[in-house]
Amino acid sequence: MKVGRRAFIGFVAGGIAGTLLSPIPWKLADDIAIWTQNWSWRPSPKRGHRAGVGTLCTMCGSACSVEVDLVDRQRAIYVRGSSLSPLNKGGLCALGASAVQFLYSPYRVRQPLRQTKKRGDRTGFKAISWKEAIGELGARLKKLYEEGKGHQVACLSGQRYTSLYELWSLFCGALGSSNLFAMPRETDGHSAVSQALFGHEGPFAFRLYRATGILNFGAEWADGWSSCAPMGRMYEEWVREVPGKGRTEIVHVSSRLSMSASKSNEWIPVKPGTEAALALGIAHVLIRENRVFRGVEEYEGYLNWIDSSGETRQGFRDYVLKEYSPDRVSGITGAPAAKIEELARWVASQPSPLVVWGSEGFGGPGFFHHEMAYVALNMLLGNFEDKGLCTFTPVTNSLKAAQGEESLAEERLDVAAGTSGLVGARSNSIYAFFEALAQGKGYPVDVLLVCEANPIYSMADAALVRDAWSKAGFTVAMTGFMDETALEADLILPTPVMLERWDDVTAVPGLPFALYGLSAPVINPLYDVKHPGDVVLQLAAMVGDETRRALPWKKYEDVLKAQVKFIADQGIGAVSDDKTDFSHLEPDKTPKKNYRNAADLLKKLKKGSLWYAPVASTSQFVKTETGKPRFFASVLENAGMGLEKPELLMPHFLALQSSGSEQEYPLLLVAYGVSYISSGYFPNSPLMMKNLWDFELKGNDGFIGVNPATAKELGLAEGMSVVVETPQGKARARVHLSPAVSPGLIAAVKGLGHWAYDEYLADKGLRVTELTEVQLDPVTALGVERVTRAKLVRA
Ligand code: SF4
């Protein structure tokens, strides 16, 4: 996740005791002591009355309830986990614990700034008033709208499962633009695949607590996969002996011995990017030995079928039996054929087996056909049946329903330019958009708005992003911080940070129930900032009739109150308290409604509690013609594909097509995320920087992980300086010998190497996004980041 969701440190959970036993509050207290002594811009709170106020942490979308200590009701000095959310039960991650550091950080933007010189010139920013800032932006948008060129406006949102994203969606729609994107995340891939196989746009959800055996293809659950908070608690449950279930066994398949792999019962190392082939090899054994769910034959495309033109199509069963024998899969993955057979039998022997998958810490979506392979394996296990372990996360959103869908005159830029995939504008294909923009295809982008995201730093294939940015007419960064994207903007609109603002969470992807949380401000903003939601509403009021009609609210707080009323009017679900247990929420166990009306619900949510409701049965989400899941992507069949090559329709393994030759770049670079380094909108706080290992950062030097055998071949030793070179770029680093990195691989952590912010962050470590390659998936056009060809040269 994600949400730049690679932003968490080892999550500490476990009820109230979690807070007390967690090292984090103590570490934080200790750290604040050091920090207040040494940091030039340290806060010096005046003495006064100290009291705690509840709210919700919205820094990553995991919806942790927190309590904020205030002095004299106005000065925030401390954030701790609260037990009001059963998701975190008093736990807190380092990013959440750093909320106060971000609040007082010196790199906050304190008033609107206009670039007066060349874009990117740090000396060119001039402070202007909000009237001037909104006046200029509103006038540009109004002109485009009136000229019928609203489609030439694009927006990139850092948030996704929030009302703010939906507000942007309404605004762009009313303006006439379909160029709305969110920062890439794993759920982008889930949405595309679930739409193709179920007719419902995900995201997928998992009943992890019921699994007795988990076969995990690269889901870094200890490093932020799914939702950080529930995963911390889930691990406790997996390792505990549960009566009638025992302990959950976990097998982790990946190319790198990550934190999640090391906490699993077994790690199966495979060649990078080949996990999906292993999944299909296991499917082969399950089918061959007739160990599949009996009802799977009713699923569309499992058996051979006759299409509308009378042609016989090969079904998944025959295709997998023919193409993915353990011997062949062994050749692709490097895993022994006997191990593939053994794994399949282990899965089949589990009373409740579950397959999960992720992007091996990359944080973005996977290849469409690979994701299909993991879903197919779950289908073979019967996990998408009503009582199964897989379902979908419902998203609470009244805004679209109230306004209706907009019909847009112009296609999205990547669709118009021909860089989009076969699913067209249904997918969040920001990379395809950037490619079109960089190449000058389609139509111009006159205004590019970035809302609380830092694409110039955090998106892989940084050169493409920079190139695209340089082609946009007028660039606007709505941000709380002077980050890399703000430095490159024409206009900076400063936003409040958590604790100063209203926000909500409309879903936590991966959770098998509906959830809504509200984050109310606990202090007034410290600076002359505006909530981006309020900016959108002001712009909507200025631009034209359509935008005014679509966004009738006076202030963003009213939008959130409308969401709460929408939930209350349905009269379902309940509000969490410190006794609520989310981990066994089943469709047939409806919680008793415990709020009276919208006002009561609002009051409870403002304190940091969560509204929740179990999902309806999984079959209610399945919108295929037969009402059954399918093994093939009908969207591709409709595009006339699959007659010659049946695998184009079905889950299959795609070999990597990385740039550069193996001769010139004999190594493969893996850029991975970890829970304790933030690589998204929020940078690492001083607290987080101090917790880095000395093999991740030493002074200003970043490290590249190299297997000892590979290092020996290359004549490299621990600490040696090297240049890492890929077809995308080069960077200096020091060598760290690590058996966790497979031979032939090199590995670098994401989230370091900033050039903005302050002395705690700037120029520290390796900027890996300059080195990594992104491949556009041919179906979804989602940018997939896997491995990049590389070489190491002694510096
Ligand atoms: S996991 Fe996310 S929501 Fe929870 S405390 Fe950390 S940043 Fe906040």
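Before I show anything, one definition: a residue is called buried when its relative accessible area is under 20%, exposed when that area is over 50%, and partly exposed in between. With that cut-off in mind, S738 is buried, because its relative accessible area is 11%. Please also keep in mind throughout that what we are looking at is a predicted model.

Staying with S738 for a moment, you will find this residue in the loop between β27, which covers residues 729-737, and β28. Its C-alpha atom is separated by 9.3 Å from that of I704, although the two residues are 34 apart along the chain.

Let me now step back to the whole protein, which has 27 helices and 31 strands. Its radius of gyration is 25 Å, close to the 28 Å that the globule rule gives for 795 residues, so the protein is as compact as a globular protein of that length. If you turn the C-alpha trace onto its principal axes, the spans come to about 70 × 65 × 60 Å. Of the 795 residues, 64% are buried, while the surface that the protein exposes amounts to about 28300 Å², with carbon and sulfur atoms supplying 50% of it. As for charge, there are 86 positive and 86 negative side chains, and the centres of these two sets lie 6 Å apart.

One stretch carries an annotation: in UniProt, in an unreviewed entry, residues 50-107 are given the feature "domain: 4Fe-4S Mo/W bis-MGD-type". In the model this span is 16% helix and 40% strand, and its end C-alpha atoms lie 27 Å apart. Within those numbers you will also meet R75, which lies in strand β3, residues 75-81, and which counts as partly exposed at 28% relative accessibility. Between R75 and E241 there are 45 Å from C-alpha to C-alpha, and the pair is 166 residues apart in sequence.

Next, two helices. Helix α21, residues 532-543, has 12 residues and should span 16 Å at 1.5 Å a residue, and this agrees with the 16 Å between its end C-alpha atoms. The buried residues in α21 include P532, V536, L539 and V543. Here a general point helps: an α-helix has 3.6 residues a turn, so residues three or four places apart point the same way.

Helix α23, residues 556-570, has 15 residues and reaches 22 Å from its first C-alpha to its last, close to the 21 Å expected at 1.5 Å a residue. Its buried residues are Y556, V559, L560, Q563, V564, I567 and A568. Just after α23 comes G571, which has a positive phi, near 65 degrees.

That brings me to a question about backbone angles: which residue has a positive phi of about 90 degrees although it is not a glycine? The residue is L499, and you can locate L499 in the loop between β18, residues 491-494, and β19, residues 503-505. L499 is buried, since its relative accessible area is 1%.

D763 also has a positive phi without being a glycine, in this case of about 60 degrees. It lies in the loop between β28, residues 745-749, and β29, residues 775-776. Is D763 buried or exposed? With a relative accessible area of 52%, D763 is exposed, given that the cut-off for that word is over 50%.

Terms used:
Residues are numbered from 1 along each chain as its sequence is written. This is a predicted model: local features need pLDDT of at least 70, side-chain atom pairs count only at pLDDT 80 or more; totals for chains, interfaces and linings use all residues. Side-chain values use heavy atoms; hydrogens and water are left out. Helices (H or I, at least four residues) and strands (E, at least two) are DSSP runs, numbered from the N terminus. The radius of gyration is taken over C-alpha atoms; the globule rule is 2.2 Å times the number of residues to the power 0.38. Buried means under 20% relative accessible area, exposed over 50%, partly exposed in between (1.4 Å probe, protein chains only). Accessible areas come from the Shrake-Rupley method with a 1.4 Å probe; for residues, only the protein chains shown count as cover. Lys and Arg count as positive and Asp and Glu as negative; His and the chain ends are not counted. The place of a charge is taken as NZ of Lys, CZ of Arg, CG of Asp or CD of Glu. The expected span of a helix is 1.5 Å times one less than its number of residues. UniProt positions are given in the numbering used here, feature names are shortened, and annotations may be inferred rather than shown by experiment.
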